[in-house]
Amino acid sequence: MPERDPPPLPESKIVAKARARISAVWIVPAVAALVGAWVAATRILNQGPTISIVFRSAEGLEAGKTQIHYNGVPVGTLTTIALADDHKRVIAWAQMAPGTADLLAEDTRFWVVGPRISGANVTGLSTLISGAYIGMEIGKSPQRRREFVALDAPPVVTGETAGRFFKLKTRDLGSIDTGTPLFFRRLQVGQVASYVLDPDGQAITVRVFVQAPYDRYVNADTRFWQASGVDVSLTAGGIDIETQSLLSILVGGIAFETPATATTRSAAETDALFPLFDNRSDALKMTAQDPQTYVLVFTESVRGLVDGAPVEFRGIPIGEVVGVSGQVDARTFTFTAPVTIRIDLQRFGVRVIEPEANPDSGAMRRQLIDSLVAHGVRAQLQTGNLLTGALFVAFDFFPEAPPETVDWTHDPVELPTVPGQLAALETRIASIVRKLDGVPFDAIGEDVQGLLAKLDRVPYERLGNDVQRAVEELGRTLVSARSALDHADQLVKPESVLSQEVAVALQEVARAARGLRVLVDYLERHPEALLRGKSGEGRP
């Protein structure tokens with residue numbers, strides 16, 4: 001029986017089992033990823049912008065701790081602090097709070113707040129405990145910015161304070177510093193914001209801030225002056241002491257005032273420039289209107305005469321000294337001191353009466369000066385203060401002065417002078433001394449001694465007739481005197497009549513004295529006799 005082929009076996013096929021599209025294992029990571037992405041997106045969307053700030057130094061700053069404050073509210077925190085590429089500054093990155101993007105304008109300012117003493121202000125004392133923080137002032141620019149450079153010092157005035165800035169020009173800063181107070185009628189109304197040396201190095205520009213509403217009192221005629229400490233000036237007029245307040249004495253200050261004669265009433269523009277005077281007297285001086293310059297040449301010492309010394313005419317100020325110098329005449333080898341003066345009658349309030357028919361004021365002025373000089377008006381140095389020795393120039397009439405004329409061809413014109421009172425006294429004393437020095441006292445003494453020696457050698461009989469007559473007259477006088485004495489002696493002789501009468505009178509006086517003594521003795525023994533009478537006598 002044939003073998004039958006075994007039936008073919010069915011081919012096996014690998015049938016892949018259908019796999020699920022997403023494994024359940026991945027559900028949890030997917031959900032976690034979605035939650036993480038949501039959290040990250042939420043955090044990114046809710047966090048504020050990141051900014052960078054360049055500081056001069058990182059002293060007092062700490063990453064993750066130092067906060068940025070605006071009006072006392074934290075609005076950001078420093079996250080990283082690193083050196084700049086040039087290794088000269090420090091860059092700090094800060095994470096700002098959500099919703100602060102509008103605060104980061106082009107002119108937004110940052111600065112480090114710490115303990116600081118500036119002028120009369122002491123700020124940041126709280127940072128001694130809490131640590132330094134970063135102050136912030138919002139800018140007004142529409143441009144946005146993420147990179148900033150911090151201020152080296154906190155601003156004195158923030159944008160929220162009402163008022164205006166002005167500029168002052170001075171050659172010497174003195175004790176002025178940032179924060180120095182500003183006074184108006186001894187009331188503090190502002191402070192110094194900043195100062196900077198001009199590019200040419202000749203002056204300093206000081207920027208001051210005047211608070212509202214006091215800024216309206218600053219106009220084009222307002223004068224600013226340094227009111228630092230106690231201003232003591234010794235002038236020919238005496239001792240002047242000026243001060244604003246105790247605060248200005250301690251920390252200095254600047255004061256301003258508008259003269260009463262000012263005509264401008266409108267407020268000055270912001271950042272208007274004013275000169276800064278050294279003191280109040282200089283600041284309130286009236287502006288020269290018609291100044292005339294002259295020269296006075298003195299031959300005496302001008303020690304004590306300084307620029308600004310008054311020039312007076314019979315006690316009325318008419319000008320001031322603007323220059324004192326010296327010169328040597330090579331022809332005569334004499335030393336003189338030319339003094340330049342500036343006369344402005346209107347500035348010192350002297351009323352000038354001008355005839356309307358004469359419009360040439362220069363010609364009238366020359367006629368006036370020629371007339372005064374012809375009548376003896378001269379300039380003289382006088383002592384204004386015995387304590388300080390300060391001098392001033394005084395014009396007055398000197399009728400005995402030699403005649404002088406004014407040479408109007410020189411520029412400036414020289415006016416005649418006379419020596420001062422002290423110089424004139426010294427000149428007179430010197431003249432007397434010179435005359436006394438010219439007297440030949442030695443020769444006179446020798447002559448007198450020679451004459452006396454000759455008289456000693458002349459015999460008496462050779463004296464002149466006058467001497468002889470004088471001697472005879474003297475002899476007759478002596479004879480008359482002797483006769484008078486003899487007559488008086490005759491009168492007082494014991495046998496003379498006058499002597500006898502005197503003796504009788506003396507006897508009567510002696511008897512009266514004895515009777516008076518007896519009476520006194522009796523009254524001492526019997527005082528009742530004054531009432532009853534002598535014993536043995538009947539009562540009346």
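Val311 has Gly319 as its bridge partner in strand S21. This pairing belongs to a predicted model, and it is a handy place to start looking around. Val311 sits within the range of strand S20, residues 310-313, which is joined to S21, residues 316-324, by four bridges in an antiparallel arrangement. The two strands make a hairpin with two residues between them. In that turn, Arg314 has a positive phi of about 55 degrees.

S21 also pairs with strand S23, residues 334-343. Here Glu320 stands opposite Arg342 of S23. The two pairings can be set side by side:

| Strand pair | Bridges | Direction |
|---|---|---|
| S20 and S21 | four bridges | antiparallel |
| S21 and S23 | five bridges | antiparallel |

Now over to the helices. A nonpolar patch on the surface is formed by Ile432, Leu436, Val439, Phe441, Ile444, Val448 and Leu452, and together these residues have about 650 Å² of accessible area. Helix H6 (421-438) and helix H7 (441-457) are the elements that give two or more residues to this patch. Which of them supplies the largest share of the patch? That is H7, with four residues. Ile432, for its part, is found in H6.

Finally, a look at the whole chain. It has 10 helices and 26 strands. Of its 540 residues, 28% count as buried. The chain exposes about 37200 Å², and carbon and sulfur atoms supply 57% of that area. Among contacts with a separation of 6 or more, 65% come from residues 24 or more positions apart.

Methods:
Residues are numbered from 1 along each chain as its sequence is written. This is a predicted model: local features need pLDDT of at least 70, side-chain atom pairs count only at pLDDT 80 or more; totals for chains, interfaces and linings use all residues. Side-chain values use heavy atoms; hydrogens and water are left out. Patches are made of residues with over 30% relative accessible area and no salt bridge: like charges are joined within 9 Å, nonpolar side chains (Val, Leu, Ile, Met, Phe, Trp, Tyr) within 5 Å. Accessible areas come from the Shrake-Rupley method with a 1.4 Å probe; for residues, only the protein chains shown count as cover. A salt bridge is a side-chain nitrogen of Lys or Arg within 4 Å of a carboxyl oxygen of Asp or Glu. Two strands pair if DSSP finds at least two bridges between them. Buried means under 20% relative accessible area, exposed over 50%, partly exposed in between (1.4 Å probe, protein chains only). Contact means heavy atoms within 4.5 Å.
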